[in-house]
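Visitor: Please choose one stretch of this chain and look at it closely, and then follow its connections outward into the rest of the fold. I would like one continuous account, with values wherever they exist.

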Amino acid sequence: MGKVIAIANQKGGVGKTTTAVNLAASMAATKRKVLLIDLDPQGNATMGSGVDKYEVPASAYELLIDETPLDQVAVKETSGGYHLVAANSDVTAAEVRLMDVFARELRLRNALKPWRNSYDFIFIDCPPSLNMLTVNAMAAADSVLVPMQCEYYALEGLTALMDTIRQLAAVVNADLKIEGILRTMYDPRNRLANDVSEQLKQHFGDKVYRTVIPRNIRLAEAPSFGSPVMYYDKSSTGAKAYLALAGELLRRADSKARPQPQFSGTD
């Protein structure tokens with residue numbers, strides 16, 4: 001069964017959508033079957049995947065509200081080699097409509113259930129706020145990947161996000177876990193960034209990915225060309241970093257799946 005990972009942070013501008021698009025493309029490049037769900041009404045992950053959000057015949061609205069089957073909603077051809085559930089301004093209307101439907105927190109989970117075996121990874125790009133769309137993502141996900149900048153206010157935001165995830169786990173998804181914390185827009189020359197990075201490692205241990213995403217102009221340019229960075233400039237440090245992140249995520253998943261040796265009391 002495919003793993004569902006929500007990519008979330010209540011703070012905007014931390015590289016959340018950049019991570020969603022480029023991690024999905026990096027996983028697809030390893031021959032994994034990948035689905036990216038754009039739940040942000042801004043539709044940036046959709047445009048960054050080379051898909052015109054104004055022209056898509058269906059979006060996350062149809063998936064959540066009309067209960068249209070996933071295979072009729074998903075865009076099969078993207079610049080990153082993965083399938084995509086697009087988002088546009090219609091998704092704002094979906095958030096409003098969700099308030100009036102039965103089991104509103106579980107619409108995305110129920111929509112994905114018949115299709116989880118069709119994908120190795122399903123990534124969900126969440127809005128930068130705690131709303132019903134984000135709650136749906138958390139209810140559907142196995143885990144949450146948190147991108148964050150290494151700055152002072154980001155630490156406070158991370159504490160608030162962890163509290164939110166714990167509360168949602170108690171209410172809508174008891175199995176929800178933290179997949180990992182990803183340091184983004186990282187500049188090793190910045191003393192504060194290094195200090196915050198060390199604090200993260202002290203508090204969260206191996207939940208902090210070894211891979212860091214650097215500040216990189218190619219990462220910033222790629223979305224305007226409708227392409228993940230690995231297809232815009234595969235030699236860039238940004239492209240290499242997201243490929244490294246995909247490898248680290250796969251290794252972690254493999255180590256969790258591998259049976260652990262059993263020892264008897266006489267050994």
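**From a loop to the strands and the pocket**

Guide: Lys 31 sits in the loop between helix H1 (16–29) and strand S2 (34–38), and everything said about it here rests on a predicted model. The phi angle of Lys 31 is near 75°, which is a positive value in a residue other than glycine. Lys 31 counts as exposed because its relative accessible area, 74%, is over the 50% cut-off. Another positive phi, of about 50°, belongs to Ala 103, which is not a glycine either, and Ala 103 is placed in the loop between helix H5 (90–98) and helix H6 (107–112). With a relative accessible area of 26%, Ala 103 is partly exposed.

Returning to H1, one meets the largest pocket, whose volume is about 460 Å³. Its lining has 28 residues, and those closest to the pocket centre are Gly 15, Lys 16, Thr 17, Thr 18 and Met 185. H1 makes the largest contribution to that lining, with five residues, while helix H2 (44–48), strands S6 and S7, and helix H10 (217–221) are among the elements that each supply at least two.

The strand S6 (residues 177–186) therefore deserves the close look, because eight of its 10 residues are buried, each with under 20% relative accessible area. On one side, S6 is joined by seven bridges to strand S5 (residues 143–149), and the two strands run parallel. Within that pairing, Met 148 has Arg 183 of S6 as its bridge partner. Between S5 and S6 the chain passes through helix H8 (residues 152–171), making a β-α-β crossover that is right-handed. S6 also pairs in the parallel sense with strand S7 (residues 208–214), over three bridges, and here Arg 183 stands opposite Val 212 of S7. The chain reaches S7 from S6 through helix H9 (residues 191–204), and this β-α-β crossover, too, is right-handed. Arg 183 thus appears in both pairings, with Met 148 as its partner from S5 and Val 212 as its partner in S7.

Helix H8, the connection between S5 and S6, also holds Thr 164. Thr 164 is buried, because its relative accessible area of 10% falls under the 20% limit. Setting aside residues up to four places away in sequence, Thr 164 touches Gln 10 and Leu 130.

The nonpolar interior brings H8 back into view. The largest nonpolar core has 56 residues, and those with the most contacts inside it are Ile 37, Leu 108 and Leu 112. H8 provides the largest share of this core, namely eight residues. Leu 108 can be followed further: leaving out residues up to four places away in sequence, Leu 108 touches Ile 37, Leu 39, Leu 63, Leu 64, Ile 124, Asn 136, Ala 137 and Ala 140. Apart from this core lies another, of 35 residues, with Leu 23, Ala 86, Val 229 and Ala 241 among them.

In this predicted model, then, a walk that sets out from the exposed Lys 31 passes a pocket lined in part by H1, S6 and S7, turns to the mostly covered strand S6, and ends among the residues of the nonpolar cores.

Notes
Residues numbered from 1 in each chain as written. Predicted model: local features only at pLDDT ≥ 70, side-chain atom pairs only at ≥ 80, totals over all residues. Heavy atoms only, no water. Buried < 20%, exposed > 50% of the residue type's maximum accessible area, 1.4 Å probe, protein only. Helix = DSSP H or I, 4+ residues; strand = E, 2+ residues; numbered from the N terminus. Pairing = 2+ DSSP bridges. Right-handed = clockwise from strand over helix to strand, strands pointing away. Core = buried A, V, L, I, M, F, W, Y, C linked by side-chain atoms within 4.5 Å. Contact = heavy atoms within 4.5 Å. 1 Å grid on protein atoms, 1.4 Å probe; cavity = no way out; pocket = protein on both sides within 12 Å on 5 of 7 lines; lining within 4 Å. Points joined across faces, edges and corners; volume = space filled by probe spheres on them.
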